[in-house]
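Trainee: I've got the model open and I'd like to test the vocabulary against it. Can we go through it term by term?

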Amino acid sequence: MSEQFTTTASTSTSAAPIVSARGLRKSFGRKEILHGLDFDIPPGRIYGLIGHNGAGKTTTLNAMLGLTNCEGTIRVLGEDPFARRAQLMENVAFISDVASLPRFLRVRELFALLTNIHPNFSQEKARSFLEGTDIKPEMKVKHLSKGMVAQLHLAVVMAIDAKLLVLDEPTLGLDITYRKRFYRRLLEDYMTEERTLLITTHQVDEIEFMLSDIMFIRDGSLILHMQMETVNDKFTQLVVNDAQAQEAARAYGPVYEETRFGQTVMIFDGVDRSLLEPFGRLSTPTLSDLFVALMQRPTANPETAR
Amino acid sequence: MKAFIALVHREYIEHKGAFLLGPLILLTLLFGIIILAFTVGRVDARLSGAVLTVVPLIVYEIGFLGLGFAWLLYLGATLFFYCADGFAADRRNNAMLFWKSMPVSDFTVLMSKLTAAITVLPGIVFAIALLSGVLLYGVAFTTMLINGTATFGALGAIFGIYLQVALALLVALAAALLWYLPYMALVGAMATAVGRWAIPIALLLPALAATVEWVTLGGQHPFATHTWRFLEYRSTPPATTYSDIWFSGVDGPSGANLGAPRFDGLAFASDLLGHVDWLQVGLGAVFAVAVIYLASEYRRRSNDN
């Protein structure tokens, strides 16, 4: 099934891509994690990189951030990230999926250090992002709650004038209030046309509204890479009850089918909506529905052992 | 350079417990005990004053030298644990990815740790050693004043002694740091790779290296090899004959020698620096940079390891 969704051209923009990967491969021991990824990420977009645990999301991000060495070619802002990570980090900011802020520092010490270490960090901006929160300059990071650490980390990366911001599971473990606030802040206070944002998360429905493009990764291969507008045009969800209509609809080759509360739900790829309309109720599948549809595996175990 | 200094500063913030707060607590305890001892009459001020009367200034020299030596021992142990732990702290604290998101190379980060180990961190302990000298002199001088055996006229000579001993301690500290730099770098590099396991490995490594030579090249036993002899030489602090001669002059056959010359910090420093094997110091510095570079390459690939 995956073959029919293999990487699709995402954009017609002529601007030089922020990230460009060709034949990106990565192995841990004998196990190949990434199987030759090819993609470009143009500037000014908000990308969602979505996949199961162990699908290769973090490895792909690590390759972009120069944290791991891969076969093939990857360029971020025209640089080889593994060879020139330190230089690249002047224009790239990232939050990893762990609470990685140094716990021994006070907030003011963290800001003072960053002012001297990072040429594009603005202490004033960081302080302004924390206004209205419970985080005070004298507090130690280790005394902050999980949500406060996430707020602080977001304030830090938003205060860095970067061209690319990478967020790997930035809201993991946070409650819904923090998660909503986190993404709203990101959109309202940070995103501009010059900046590119790449997010991975399992809570796909929460970020769907802000994404301009999506990439689905499964078992180390990109199975979908397209703009959200194209997703809306290309995929159709049909809810059908009648058995005859179901049979007729199946003739158009749904990529996914399941029964929910006695109703049959089918997802179609590239089928004209006018052809499906007579069979039932049509809608655009949510990102999570599409994710489930395209990520179906032949095995019962969704985890890929490393 | 600004970023490098900031990284050294963060080492200070992260480890000020061992290098500032711990010594300050020790110093406070020590000072408190001394004051208490005088207050409750455990120390006879008259007798102490009498001792100070008999050997008025040698006590200041020996007392401060002894105290300074004790602080150097404390520093040596603390630096060993700093190197064995601090170089792996980013991984242990789960902060590795944060520091890797900064525009500084792994080599710069590790060099900042090594630089902190030979500048700001020992500098703090040295400052506390100086402070402890001031407190020691304060207690001794007060005792003399109480006993009526000292006048404020002696302060000039005491201050001179303080400066001489402080100079000697500073030069001894600098020489020791330079001499043991490759050891610090090696322990730090190992800690980068294996974390706290660097502590036992650092102790086992010399024996292992000597054993490898013994097994491959022969010899009576591992401790009669070139490797072991070199390590013994490289582990022995730079020798100085000045202090030995001075101490033997002070400690006469029938007690303290009142006619012994004052401790000369400059003469001690010249003698010590003259006995340092500078070729070994230079080779040690090159070795230190090389192992830190190798460790940084490991750290750069740590996601793959």
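Mentor: Sure. Keep in mind that this is a predicted model. Start with the open sheet in chain A, where four strands follow the order 11-12-10-13 with antiparallel pairing.

Trainee: What makes strand 11 and strand 13 of chain A edge strands?

Mentor: Count partners. Strand 11 (256-260) and strand 13 (281-283) of chain A each have a single partner strand, so one side of each has no neighbour in the sheet. Neighbouring strands here are turned by 20° against each other on average, direction ignored.

Trainee: How do you know that strand 10 and strand 12 of chain A really pair?

Mentor: Pairing asks for at least two bridges. Strand 10 (residues 235-240) and strand 12 (residues 263-269) of chain A have six, in the antiparallel sense, so they qualify as a pair. Look at Phe235(A), which sits opposite Asp269(A) of strand 12.

Trainee: Which helices pack on that sheet?

Mentor: Among them is helix 9 (residues 243-250) of chain A, which touches strand 10 and strand 12 and makes about 160° with the direction of strand 10. Helix 11 (residues 287-295) of chain A touches strand 10, strand 11 and strand 12, at about 80° to the direction of strand 12.

Trainee: Now strand 8 of chain A. Why is it called largely enclosed?

Mentor: A residue is buried with 20 or more other C-beta atoms within 10 Å of its own. Six of the six residues of strand 8 (residues 213-218) of chain A are buried, so the rest of the structure largely encloses this strand. Both faces are covered: Asp213(A), Met215(A) and Ile217(A) lie on one side, Ile214(A), Phe216(A) and Arg218(A) on the other.

Trainee: Which strands does strand 8 of chain A pair with?

Mentor: Strand 3 (residues 46-51) of chain A runs parallel to strand 8, joined by five bridges, with Tyr47(A) partnering Asp213(A). Strand 9 (residues 221-227) of chain A runs antiparallel to strand 8 over six bridges, and there Phe216(A) has Leu224(A) as its bridge partner. In the hairpin of strands 8 and 9, two residues separate the strands and Asp219(A) takes a positive phi near 50°.

Trainee: And what makes up the side of chain B that touches chain A?

Mentor: There, 22 residues of chain B are in contact with 24 of chain A. Helix 1 of chain B gives the largest share, eight residues. By class, that side of chain B has 10 nonpolar, six polar and six charged residues.

Definitions and conventions: Residues numbered from 1 in each chain as written. Chains lettered and ligands numbered in written order. Predicted model: local features only at pLDDT ≥ 70, side-chain atom pairs only at ≥ 80, totals over all residues. Contact = placed C-beta atoms within 7 Å. Nonpolar A, V, L, I, M, F, W, Y, C, P; charged D, E, K, R; others polar. Buried ≥ 20, exposed ≤ 12 C-beta atoms within 10 Å, placed from the backbone. Axes fitted to C-alpha atoms, helices over the stretch in contact; angles between N-to-C directions.
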